[in-house]
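Reader: Hey, I've got a structure open and could use some help reading it. Can we go through how a couple of helices pack, then look for empty space inside?

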Amino acid sequence: MLSLEPLVRTDPLPDAGPVTQTTELSEPPEQDEQPEQPARPARRALLRLPHRAWTVAAIAFVTIIGAAGFASLPGLLIDPLHEEFGWSRGTIGFAVSVNLALYGLTAPFAAALMDRFGIRKVVAAALVVIAAGGGLTVFMSEPWQLILCWGVLVGLGSGSMALAFAATVTNRWFVARRGLVTGILTAGGASGQLIFLPLLSWIVEWHTWRPAAITVSVAALAIVPLVWLLLRDYPSDVGLAAPGADGSPAPRPAPRRGAARRAVKALASASRTGSFWLLAGAFAICGASTNGLVKTHFVPAAHDHGMPVTAAASLLAVIGVFDIVGTVASGWFTDRFDARRLLAVYYALRGLSLMFLPILLDDAVHPPMLFFIVFYGLDWVATVPPTMALCREQYGEDSAIVFGWVLASHQVGAGVVAFVGGAARDAFGSYDLVWYGAGALCAIAALMSLVIQRVPGAKAASATV
């Protein structure tokens, strides 16, 4: 008899996996219905704008570039002013010394003023003062006018936008990557040197020194609207927390009155520690061997050997190129290595290079001179990020003001050597003794850096997150 059961095997196959029964067939989608697309978080992440802190850092960088423009002039104007007015190089060097000393002595008070009135107001006013000082120099006819305009006005204005300004911006706007940001902002001075030196040297050689001074004044004024419109004092002003900070935006602190008293109080407290004097002494040598000596006297020293002014100024500008690389790299190193040892290495290498400079100067640029320019440029202000890091480690919330005082020693050292270098040239007809002396001082700075004591249990505030 035939079976009525279906001729289909219902036993599961030996190797078959679990069978899922479907009770209803799904209908194909309508023509105008699109299947749901998965989210694309990677593309959305790419479209995110950078944190506002990086915009503030960029504005600070441009501002420091503008402030560095006038600082590029002293070495170019020593010979023109000597020839036009008959002033001695020592007299011109004294005006430069006043400029450099005030640049440093203003910094700690400027940092306190930024706590009182805000970064934006202080920096905008400083740019106007620089523009006024630079513009008024074109009318001078006596040495005291050079000292007043170039020394006092420009010194006060540029000091308000010195590295204490960079320290204030870094401390307020960043928690992570402070060393890197410090290196970038410090490189702004070298960038200004790179931008302005070739242009200013060409203007001085073909159109005299007065149009060069006007050029710098106009550049300073052009930055004022940028600062006023885009620079902000704290992340909380735009409803943000600093990169690397935990939690919600910190409230804006109340303005601190008594800026001068606070600056002096911070100095009195820091001066009771041996670390302050070691940092200040080493940084004074740093200023003596950079701004006071090379930036001020390299061009006239090279000209003494027959090198054209434009060629010597171009070499100084190339130092600025490698200074940018070296300073940013130094900031990266500071986030990762012992700042004291970094300083010791930087000072030792700088001193060694200065010892060789007298035999490298010639009427033309040869490969050994180019090697010096690259080597020295990488080390030019690489000392700044580790010095700032040590100030943060040692002095906490007053670190920006304390660094301002350390910077003051930097500029006092620069001012002394700017004058001594010019006087030595007048007395001996050569800069050789000054180069050798600066090299020996750098060796002392290396030793001073190594003996700075670490704060027990302190962590670098610039650690990368």
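Reader: Which residues in H14 meet H15?

Author: On the H14 side they are Tyr346, Leu349, Arg350, Ser353, Leu354, Leu357 and Leu360. Their partners in H15 are Pro368, Met369, Phe372, Phe375, Tyr376 and Asp379. Keep in mind that this is a predicted model.

Reader: How many of the residues in that contact are nonpolar, polar or charged?

Author: The contact of H14 with H15 divides into 10 nonpolar, 1 polar and 2 charged residues.

Reader: ok, and at what angle do H14 and H15 pack?

Author: About 155°, with the axes of H14 (residues 339-360) and H15 (residues 367-379) 10 Å apart. Angles over 145 degrees count as roughly antiparallel, so H14 and H15 are roughly antiparallel to each other.

Reader: Is the crossing of H14 and H15 left-handed or right-handed?

Author: Left-handed.

Reader: Cool. New topic: how many cavities of 30 Å³ or more are there?

Author: The structure holds 2 of them. The second largest has a volume of about 40 Å³.

Reader: What lines that second largest cavity?

Author: Its lining is made of Ala167, Asn171, Met388, Cys391, Arg392, Ser399, Ala400 and Phe403. Helix H7 (163-173), helix H16 (384-395) and helix H17 (399-428) are the elements that each give two or more residues to it.

Reader: And by class, what's in the lining of the second largest cavity?

Author: You'll find 5 nonpolar, 2 polar and 1 charged residues there.

Definitions and conventions. Residues are numbered from 1 along each chain as its sequence is written. This is a predicted model: local features need pLDDT of at least 70, side-chain atom pairs count only at pLDDT 80 or more; totals for chains, interfaces and linings use all residues. Side-chain values use heavy atoms; hydrogens and water are left out. On a 1 Å grid over the protein atoms alone, a cavity is a set of points where a 1.4 Å probe fits but cannot get out, and a pocket is an open set with protein on both sides within 12 Å along at least five of seven lines; lining residues have an atom within 4 Å of a point. Grid points are joined across faces, edges and corners, and a volume is the space filled by probe spheres set on the points. Helices (H or I, at least four residues) and strands (E, at least two) are DSSP runs, numbered from the N terminus. Ala, Val, Leu, Ile, Met, Phe, Trp, Tyr, Cys and Pro count as nonpolar, Asp, Glu, Lys and Arg as charged, and the others, Gly among them, as polar. Axes are lines fitted to C-alpha atoms, for helices over the stretch in contact, and angles run from 0 to 180 degrees between N-to-C directions. Angles under 35 degrees count as roughly parallel, over 145 as roughly antiparallel, 65 to 115 as roughly perpendicular and the rest as oblique. A crossing is left-handed if the near helix is turned anticlockwise from the far one by less than a right angle, and right-handed if clockwise. Contact means heavy atoms within 4.5 Å.
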